[in-house]
Structure formats: C-alpha cells, structure tokens
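Colleague: I'm new to this one, so could you take me through a single part of it slowly? I'd like to hear about the strands and how they pair up, and then a word on the ligand if there's room.

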Amino acid sequence: MNNTPRDIIFRITLKFLESDISLKLIIDYYTCKKNNFTKRDISFINNVSKGIIRFKSVLDYNIFKHSKQKTIDNKTLSLLYLGLYQIIYCDSIPNYASVNTTIELAKIKSKKSKSFINAILRKNDKNFLKIDSNSSYDKLKKISFGYRKWQVNKLTKDYGIDKTRQFLIQNLNIPKIWIRINTLKTTKENIEEILITNKIDYKVDKFLEYFLLIEKFDRKNIIKKLIEKGLIYIQNPSSGHVVNILDIKPKMSVLDACSAPGGKASLISQITKNNVELTCIDNNESRLLTLKNNLSKMNCKNISFINCDSSTFSSEKLYDIILIDAPCSSFGTVKKNPDIKWRLTEKKLKNNIETQFKILNNLKKYVKINGYLIYSTCSIFNDENENNIIKFLNENGNFNLSKDYKIPSNFKTDLGAMKIFPIDNEYEGMFASRLKRYD
Ligand SMILES: C[S@@+](CC[C@H](N)C(=O)[O-])C[C@H]1O[C@@H](n2cnc3c(N)ncnc32)[C@H](O)[C@@H]1O
C-alpha cells in the first residue's frame, strides 16, 4: 500500500492537517515527476485530495455523528476522510472497495484505529449526509455552508444574507479553467485551431477576446504543453480587467509591486507589445524566480526585477503607474483553492490588512504627479478592499479615486472601484481601485 495513489492522498491530507502549507504546494510535492505516477493516478490524487478539503465539513459531520470521541487524531482522521470521501462522492468506486482499501492502509498507517475506522465507514455505508451546490438551504446550514462561522458572519455583514448564501453555495462547485492566449508568441487563430483539432470545447470570454473558458478539461496534456511553450497562461479574466484599468500607454514606466508569478505582468507586456518599461518586485525569492522563468518563456521583454519588500522599497525614480496586487486572503478564489477556508484565520486576515496598508502608504511616494496607483486584491472582504482605500484617501488628500476607466458596468461599485463577485459566472472574485495622484 506504500506509494499507491491512496497512500499519497492519505499523506497529502495528513500534511495539510498538520501544517499551514497550501494544498496546491503539498499536492505538487507528492505528485512530482520522480514518483512516476500515471496521468490517471495524478488526476485521481488531485480530485480526491481537493475534494476532501472542499467537503471537509461534510466529512466531519458524518464522522462525528457516529463517534463517541470528540477529538480524533490526524492520522485516523486522514484515513477516515479518504474512505468516506470515496463513499460519498466517488460514484464509480463501489463502497466495499472504498472501505477495504482504507482498512488495508490503516493496517500500516494506524493499526490501533483500524476497527474504529472500519466501524465509522460501515455506519456511513448507506446513510450519510451528502452536500453539494444543489443541496437545500437547511442541509447546508447544518454544516455552516462548509465554511468557518466567522467567515460566514463577515461575508453576511459585507453583502447581506442572500448574496452571501449564493456565494457560499456556488463556490462549493469545481471551477472550470480559463486560459489566456499569449499574443507575444502565437495567435488566437492558432490556439483555437489546436483546441478544435484536439476536441477541446471552449468558449471565448464575452468581454476579453484572448481569454478562453475550457469547458471540458480531459485533454490536460495538450493544455500543459501549450503552457510549457509559453503560448498560453492559466488566468482568470478577472485579472484581465485589473490590467485594463491600468490603461497603459506606450513607453510608460510601470512598477508591479507584488508581481509573482507574473500573470498580470505578462499581460502588461502582451497588451503593450513589450513597449513599456516594467519593473517587477516580489519579496519572495523563489516566487521571483518563477516569475522570471514565466516571463522569459512568454517572450516578455524590457523588464527589471527586484527582490525586496514593497512596504520598505525606496527609489529615486517615480513611476507613471504603480500596481499593487496585494497579498490577501484570496477569498475570491475559494472555489479554485478550497483550502483557503480552513487556512484563513481572523489573525491572518488582520495581518494582511496591515501589510496591504503599509505597502500602499510606502509606494504612494513613488507615483508621478498625475500618475496612478492601482490597488487590487483577489479578496471579496471589504476590509481588504474598500475599507483600506477609504482609509487611504482620508489620510492622503493628494490622491483621488479615479472613475474614468472602462469596465463592464456590473463590475463597477458605487464608490467607483471595480469589484467582481464570483456568483452566476466563472469569474474569480477580484477588487481594484484606481487612485490618481494630484500633487
Ligand atoms: C496576489 S500575489 C500576486 C499575483 C501577481 N500579481 C500575478 O498577477 O500573478 C501577491 C504576491 O505578493 C508577494 N508579496 C507579499 N508580500 C509582499 C511584500 N511585502 N513586498 C513585495 N511582495 C510581496 C507574494 O510573494 C506574492 O507573490
């Protein structure tokens, strides 16, 4: 049972429960090339590991309903999640197989809890609570919609009950993948031809023509090859709207202050056909390296890189445009990254808000007069977005919120900022505001 896909899922789940590392990084580590898994194995590992974390509260509910123990150690819990997720959500696997393979693994990983695991799985064999985005409101309430209570309360305060409920429910779904065609290296026609030849269904975004929604994603290797060649980039159109707000003119100087892994930076290069003087900062050295590799692979030119902290960065030079795509809770991407809801604590959110404000307050000094500071996050919490901006404008009379930029009207807030709310669409949650410096 060692090094089988199920063993790897067990290890991924255990690592997730015992660390604060993102699920994506853990999965990438365990499925790297040296482990020699087939594509089918990797897909199984990915789907089940992400599914376990997406529906963790459903699994907890079904486990603790039958358990006299109020707390269960992480090894036992990881095994229970593995077995139970397959019983509830993997219709193609017979229940006896889910139970038996889990018990075999338990004999090696946690012998003492083998019979406990067996009992809980068998009690759930036919009778369990299954939640998905079609479940009734009463059922969803039983598990706090699958989120932490404080998150639900905070969203309700920001958006009211109805919108919050819609968000919570729709974000239980598995997202589709968006790609952006890199016109620095290829053409839209070329990519569309490759997709059509390989029977990959796609839809062009209704606002941004270089963004395609991949409807069916079973030819992952084709997409992977296009990414490796730098012909496409996995990117949600929400990011495209942020870059549009920059409204960059040729030869402008642009500082991208939180730049890695380079999604927005590469789009800036693409839109301007490399006719821009771009400086990319990131405080994380290894992420900066990924950024450099991504940009070089995509033929992005005229770029300088700085590894430093944007909240203390200093410069002789002033910039036409500074983009702060700030570190944030990423709560607008919770559909794609279901682990966020378990990893985000109130304390971390507070730290984010402090960092965001520090970066804003430092970089305001390096915007040219009549230049722009664009502040964006992929969070939907007002405290990381509007509230930061309102505080900043109150304290800095030489900046105004600029409203004269083009975005679809339903993305514009009353304040004049951009907010994309991830319901009834395949967009990620995103906020952006454009601040003009007057003197
Ligand atoms: C939301 S991500 C940026 C995504 C990027 N703009 C893109 O479109 O691909 C935030 C980035 O900010 C970096 N970061 C966090 N704190 C920072 C700081 N104080 N100074 C500079 N970079 C920071 C993180 O390492 C991370 O790469």
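Modeller: Let's start with what pairing means here: two strands pair if DSSP finds at least two bridges between them. Keep in mind, too, that this is a predicted model.

With that in hand, go to strand S8, residues 319-325, which runs parallel to S9 and is joined to S9 by six bridges. If you want one spot to look at, find Ile 324, which stands opposite Tyr 375 in S9. Strand S9 itself covers residues 367-377. S9 has another partner to look at, strand S12 (residues 430-437), and here the pairing is antiparallel, again over six bridges. On this side, Leu 373 has Leu 435 in S12 as its bridge partner. So how buried is strand S9? Eight of its eleven residues are buried, so S9 is largely enclosed by the rest of the structure.

Now compare that with another part of the chain, where four strands make an open sheet. Reading across, the order is S2-S3-S1-S4, and the pairing is antiparallel. Strand S2 (202-204) and strand S4 (232-234) stand at the edges with a single partner strand each, so one side of each has no neighbour in the sheet. The strands aren't lined up exactly, either: on average, neighbours in this sheet are turned by 30° against each other, ignoring direction. For a look inside the sheet, take strand S1 (residues 177-181) and strand S3 (residues 211-214), an antiparallel pair joined by four bridges. There you'll find Arg 180 opposite Phe 211 in S3.

And the ligand? It is surrounded by 19 residues, and the closest are Gly 263, Asp 282, Arg 287, Ser 310 and Asp 325. Sorted by class, that shell holds eight nonpolar, six polar and five charged residues. Some of the contacts come from the backbone: Gly 263 has a backbone N or O atom 2.8 Å from an oxygen atom of the ligand, and a polar backbone atom of Lys 264 lies 3.0 Å from a ligand oxygen. Asn 283 uses its side chain instead, with a polar atom there 3.2 Å from a nitrogen atom of the ligand. As for cover, the ligand taken alone exposes 610 Å², and the protein buries 86% of that.

Key. Residues numbered from 1 in each chain as written. Predicted model: local features only at pLDDT ≥ 70, side-chain atom pairs only at ≥ 80, totals over all residues. Heavy atoms only, no water. Near = heavy atom within 4 Å. Polar contact = N/O pair within 3.5 Å; in protein donor to acceptor, adjacent residues only side chain to side chain. Areas by Shrake-Rupley, 256 points an atom, 1.4 Å probe, with all protein chains shown as cover. Nonpolar A, V, L, I, M, F, W, Y, C, P; charged D, E, K, R; others polar. Helix = DSSP H or I, 4+ residues; strand = E, 2+ residues; numbered from the N terminus. Axes fitted to C-alpha atoms, helices over the stretch in contact; angles between N-to-C directions. Buried < 20%, exposed > 50% of the residue type's maximum accessible area, 1.4 Å probe, protein only.
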